[in-house]
Amino acid sequence: MSLSQGRAYLAIPGPSVIPDVVLQAMHRASPNIYEGELHDLTHSLIPDLKAVARTDENVAIYIGNGHAAWEAALVNALSPGDSVLVLATGRFCIGWGEMAARLGVDVQTINFGEASPIDLPQVAAALTADDGHRIKAILAVHVDTSTSVKNDIPGLRKALDAAQHPALLMVDCIASLGCDRFEMDGWGVDVMVSGCQKGLMTPAGMSFVWYNAKADAVRGACNTAYWDWQPRTDPEMYFQYFDGTAPTHHLYGLRTALDLIKAEGLDHVFDRHETLAKAIWAAFEAWSTTGDIHLNIADRGHRSHAVTSVGMASPDGDRLRQWCEKTCGLTLGIGLGRSPSDAYFRVGHMGHVNAHMIMGALGAIQSGLIALDIPHGSGGLDAAAVVIAAG
Ligand SMILES: *Cc1c(COP(=O)(O)O)cnc(C)c1O
């Protein structure tokens, strides 16, 4: 019997759950775009976007999804013929590298597989071998959403410094910003990209590039007017923020979402995501004591606090997802980029999520494991409850 009536829960790694107050802020007539409230609101976003990235440097806003921010970062920082080192730990960094190759950038990739983080000694060796400093930038993903691995970004900065290598450190935080702790200035990141529809809880359609003075100084020719980060960062006229009409309603939504983060406090946001992630891990660790269920990333220190990738016997990943949606109103993420994809699924737990949503999702998953006769260990929900109870 379907028991899915009532409020559905989209537990995929983006887009994430949109808070009602964000939806309400967007539900309005079109504002005056020439002066007044919309201008003040847009100016007010800049310091708060810098605060969520923990940077005092620059941010440019784009009307587009995460892929748009990828391309914006590449065309500003690099020129055709430049070399980059891509550190792949899943589908997303490979995709960013493919985009760089299309732009005429020479791409060298180290692939660490689909269940492991970046191995820093291998990066150090590649940097040391590059004694002519041909590598202009390292491209890395903080949290790769396809594998749910979390990479050691401060470790990459240490590797660059130890090798005395001048390459830019460019990081994709599309899945992690506002979920997993990230400190752009403190960790020595030169360029960072993110979108609005994951930890920032706003409908897809805006993305951002943060960059520091070093990246701006060494950047390429940037032969495109539209993607140029400079006028967007330092506009003489309001329309230059977006090189055209402002994404009016998204701006109201994002303002409200950033207010939610401010009111909670960014450190509390990180702590909440960590505790909820640990509850999810505890449940899966208990279920994985029997049968084929396993968390994709074995090392807790390298698991994301925003998304969890789970492997099982093919095609149980797909069966479980379909059962949870149909019967419980819980939509889980597909095994994106994995082979066979129906042997994986992902739980998105980013942004506007709380303890009862996570316990509800885990309860739906356990019900599905029972209904579909998928072998699993007992005590998953109890283990999660213990983590929530400890706070
Ligand atoms: C979601 C995501 C992207 C792509 O973002 P889109 O908005 O779908 O273009 C890129 N990188 C990571 C790590 C992501 O999680």
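Over residues 59-329, the chain is 39% helix and 19% strand, with the end C-alpha atoms 38 Å apart. This range is the one covered by the UniProt annotation "domain: Aminotransferase class V", which comes from an unreviewed entry. The model is predicted, and the values given here are computed from its atoms.

The protein is divided into domain 1, made of residues 9-16 and 265-390, and domain 2, made of residues 31-262. A distance of 28 Å separates the C-alpha centres of domain 1 and domain 2. Between the two domains, 28 residues of domain 1 are in contact with 30 residues of domain 2.

The largest nonpolar core has 55 residues, and L49, F208 and W210 are those with the most contacts inside it. Both domain 1 and domain 2 give residues to this core, so it lies between them. A second core, separate from this one, has 35 residues, among them A282, V310, L369 and A384. In soluble globular proteins, nonpolar side chains tend to be buried together.

Helix 2 spans residues 37-52. Its 16 residues reach 23 Å from the first C-alpha to the last, close to the 22 Å expected at 1.5 Å a residue. The buried residues of helix 2 are L38, H39, L41, T42, L45, I46, D48, L49 and V52. L49 thus appears both in this list and among the residues with the most contacts inside the largest core. The cover over the buried residues of helix 2 includes strand 2 (58-63) and strand 10 (206-211), together with helix 9 (248-264) and helix 10 (266-287). Just after helix 2, R54 takes a positive phi of about 55 degrees.

Two positions carry residue-level annotations from UniProt, considered here in turn. The feature "modified residue: N6-(pyridoxal phosphate)lysine" is placed by UniProt (unreviewed entry) at K198. K198 is in the loop between strand 9 (191-195) and strand 10. With a relative accessible area of 9%, K198 is buried, because the cut-off for that class is under 20%. Leaving aside neighbours within four places in sequence, the contacts of K198 are P13, G14, S16, T145, I174, A175, M350 and G351.

R346 is listed by UniProt under "binding site", again in an unreviewed entry. This residue is found in strand 14, which runs over residues 344-348. R346 counts as buried, because its relative accessibility is 5%. Apart from neighbours within four places in sequence, R346 is in contact with A11, P13, T145, S146, V307, T308, S309, L332, G333, I334 and L336. A polar atom of the R346 side chain lies 2.8 Å from the backbone oxygen of T145. P13 and T145 are in contact with R346, and P13 and T145 are also in contact with K198.

Another arginine, R303, is found in the loop between strand 11 (294-295) and strand 12 (307-311). R303 is buried, with a relative accessible area of 6%. The side chains of R303 and E285 are joined by a polar contact of 3.0 Å. Not counting residues up to four places away in sequence, R303 touches S148, K150, W281, E285, L295, I297 and A298.

How values were computed:
Residues numbered from 1 in each chain as written. Predicted model: local features only at pLDDT ≥ 70, side-chain atom pairs only at ≥ 80, totals over all residues. Heavy atoms only, no water. Core = buried A, V, L, I, M, F, W, Y, C linked by side-chain atoms within 4.5 Å. Buried < 20%, exposed > 50% of the residue type's maximum accessible area, 1.4 Å probe, protein only. Domains from an automatic or database assignment. Helix = DSSP H or I, 4+ residues; strand = E, 2+ residues; numbered from the N terminus. Expected span 1.5 Å × (residues − 1). Contact = heavy atoms within 4.5 Å. UniProt positions renumbered as here; feature names shortened; annotations may be inferred. Polar contact = N/O pair within 3.5 Å; in protein donor to acceptor, adjacent residues only side chain to side chain.
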